Amino acid sequence: MRSGPSWRSTWSGAAPNSETDRHTARVARTRLPPDVRREQLLDIAQRLFEREPYDTVSFERIASEAGVSASLPYHYFETKREIFLALVERAITGFQRAVAPSPDAVRPDATPTQRLRAAVNRYLDFVLERPNGYAFVIGARGAPDAEVTRRIETAREAVHAAVLAIIGVPDPDRETDLAMWGWLGFVERVTTRWVQQGAEDREQLVDLVMLAAAPGLGR
């Protein structure tokens, strides 16, 4: 039985940067606070998962990239799967923060359409800044195990609730609930393809997804 997911990324990871890697190694040799070291190990693990199949990434590889002893990652994570789940959780948290507006970012007189359009633009900012993190969020890397699936579905429910709050319908009727749930799935798929094709014509994409949201907005 396999211990975790095994797939090649459908996203293009960034090419290794030798100067960045040398800098990472220099930093790794210094004594870091536990929370900083944990984030460093996660950053390195994500870079490896972006470039390689799950099965080829090991604790030894992560430790080597970090310039630390092979046993050090075990002080922070019990298994490779735990590292992967931590990356999924981190990506989901960042995604949810990106979609949810800060209180001072919403004009009191903004219409539901204006508020949703602003949320779509925050969403696209997140996608473009972290394309591989976005892939973790929506499960675009292949068929994840049951726990990854559960966390991704929990995140979808949270984003769905956030979208309903953004358009001012926190307690929707069945038609609105279904319309906006379906809209989220549409946005995921069309955005994935948009990024794969070069992420051009952003405003046209925003117009397209806003048009698709019309049934849920009651227009």
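Is the crossing of α5 and α9 left-handed or right-handed? To find out, turn the predicted model until helix α5, residues 112-129, and helix α9, residues 202-212, are both in view. The crossing of these two helices is right-handed.

Let us stay with this pair for a moment. The axes of α5 and α9 lie 10 Å apart, and the helices pack at an angle of about 130°. An angle over 145 degrees would count as roughly antiparallel, and one from 65 to 115 as roughly perpendicular; α5 and α9 are therefore oblique to each other.

Which residues of α5 and α9 make the contact? On the α5 side you can pick out T113, L116, R117, V120, N121, L124, D125 and L128. Facing them from α9 are R202, E203, L205, V206, D207, V209 and M210. Sorted by character, the residues of this contact comprise 8 nonpolar, 5 charged and 2 polar ones.

Now let us move on to the aromatic rings. Searching the whole structure turns up 2 aromatic pairs. One of them joins F49 and F84, whose ring centres are 5.3 Å apart. With 85° between the planes, the arrangement of F49 and F84 is edge-to-face, because planes over 60 degrees apart are counted that way.

Where in the chain do these two partners sit? F49 belongs to helix α2 (residues 34-51) and F84 to helix α4 (residues 80-99), so the pair links distant parts of the chain, 35 residues apart. Both rings belong to buried residues: F49 has a relative accessible area of 3%, and F84 has one of 4%, where buried means under 20%.

Key: Residues are numbered from 1 along each chain as its sequence is written. This is a predicted model: local features need pLDDT of at least 70, side-chain atom pairs count only at pLDDT 80 or more; totals for chains, interfaces and linings use all residues. Side-chain values use heavy atoms; hydrogens and water are left out. Axes are lines fitted to C-alpha atoms, for helices over the stretch in contact, and angles run from 0 to 180 degrees between N-to-C directions. Helices (H or I, at least four residues) and strands (E, at least two) are DSSP runs, numbered from the N terminus. Angles under 35 degrees count as roughly parallel, over 145 as roughly antiparallel, 65 to 115 as roughly perpendicular and the rest as oblique. A crossing is left-handed if the near helix is turned anticlockwise from the far one by less than a right angle, and right-handed if clockwise. Contact means heavy atoms within 4.5 Å. Ala, Val, Leu, Ile, Met, Phe, Trp, Tyr, Cys and Pro count as nonpolar, Asp, Glu, Lys and Arg as charged, and the others, Gly among them, as polar. Rings of Phe, Tyr and Trp (its six-membered ring) pair if their centres lie within 6.5 Å; planes under 30 degrees apart count as stacked, over 60 as edge-to-face and the rest as tilted. Buried means under 20% relative accessible area, exposed over 50%, partly exposed in between (1.4 Å probe, protein chains only).
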